[in-house]
Amino acid sequence: MKLLIVIVQNKDANKLQNAFANNNVHQTKLSTTGGFLKSGNTTFMIGIEDERVNDVLDIIKKVSSKREQYMTPPVNLDGGVSDSSYPVKIEVGGATVMEMPMDNFYRF
């Protein structure tokens with residue numbers, strides 16, 4: 001058994017949860033915040049058999065898309081405006097997946 005911790009942007013969370021349901025992947029969904037943009041994320045915790053890990057990873061890759069967005073860096077603390085205060089294009093989205101061994105998994 002493996003424990004997968006999957007972090008995606010909120011924009012991808014509902015599509016991913018539906019894809020998990022359609023593929024009989026049981027998961028727990030948590031609201032989280034963090035990352036460079038301090039934006040809303042969703043974290044899924046999934047207990048899955050070793051032989052199904054690659055299938056779950058394929059679902060995640062298919063549904064969690066990377067995209068570009070513009071953001072304006074914060075103003076310098078000294079009150080000055082730097083050259084980098086103009087909007088810059090950054091890549092967001094996708095997924096962060098952590099895989100860990102799990103000794104036991106119970107569902108009551």
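Reader: Which ring centres count as a pair, and how many aromatic pairs does the structure hold?
Author: Rings of Phe, Tyr and Trp pair if their centres lie within 6.5 Å. The model examined here is predicted. By that cut-off, the number of aromatic pairs in the structure is two.

Reader: Is the pair of Phe20 and Phe44 stacked or edge-to-face?
Author: The ring centres of Phe20 and Phe44 lie 5.4 Å apart, and their planes make an angle of 85°. Planes over 60 degrees apart fall in one class. The pair is therefore edge-to-face.

Reader: Which elements does this pair link, and how many residues separate Phe20 and Phe44?
Author: The pair joins distant parts of the chain. Phe20 belongs to helix H1 and Phe44 to strand S3. Along the sequence, the separation is 24 residues.

Reader: Are Tyr106 and Phe108 stacked or edge-to-face?
Author: Their centres are 6.0 Å apart, with 10° between the planes. An angle under 30 degrees settles the class. The pair of Tyr106 and Phe108 is stacked.

Reader: Are Phe20 and Phe44 buried or exposed, and what of Tyr106 and Phe108?
Author: Phe20 has 0% relative accessibility, so this residue counts as buried. Phe44 has 0% as well and is also buried. Tyr106 and Phe108, in contrast, are both exposed.

Reader: Which element gives the largest share of the largest nonpolar core?
Author: This core has 16 residues, and Val6, Leu16, Phe20, Phe44, Ile46 and Val56 touch the most other members. Two or more residues come from each of strand S1, H1, strand S3 and helix H2. The largest share is five residues, and the element that gives them is H2.

Reader: Why does Val25 count as buried, and what is its relative accessible area?
Author: Val25 sits in the loop between helix H1 and strand S2. Beyond its neighbours within four places in sequence, its contacts include Phe20, Ile46 and Val56. Buried means under 20% relative accessible area. Val25 meets that limit because its value is 4%.

Reader: How far apart in space are Val25 and Val56?
Author: In sequence, 31 residues separate Val25 and Val56. The two are nevertheless in contact. From C-alpha to C-alpha, the distance is 7.7 Å.

Reader: With which side chain does the side chain of Thr42 make a polar contact?
Author: Thr42 lies in strand S3 and is buried, with a relative accessible area of 3%. Beyond residues up to four places away in sequence, Thr42 touches Val6, Ala13 and Leu30, among others. The polar contact spans 2.8 Å, and the partner is Asn10.

Conventions: Residues numbered from 1 in each chain as written. Predicted model: local features only at pLDDT ≥ 70, side-chain atom pairs only at ≥ 80, totals over all residues. Heavy atoms only, no water. Helix = DSSP H or I, 4+ residues; strand = E, 2+ residues; numbered from the N terminus. Buried < 20%, exposed > 50% of the residue type's maximum accessible area, 1.4 Å probe, protein only. Contact = heavy atoms within 4.5 Å. Core = buried A, V, L, I, M, F, W, Y, C linked by side-chain atoms within 4.5 Å. Polar contact = N/O pair within 3.5 Å; in protein donor to acceptor, adjacent residues only side chain to side chain.
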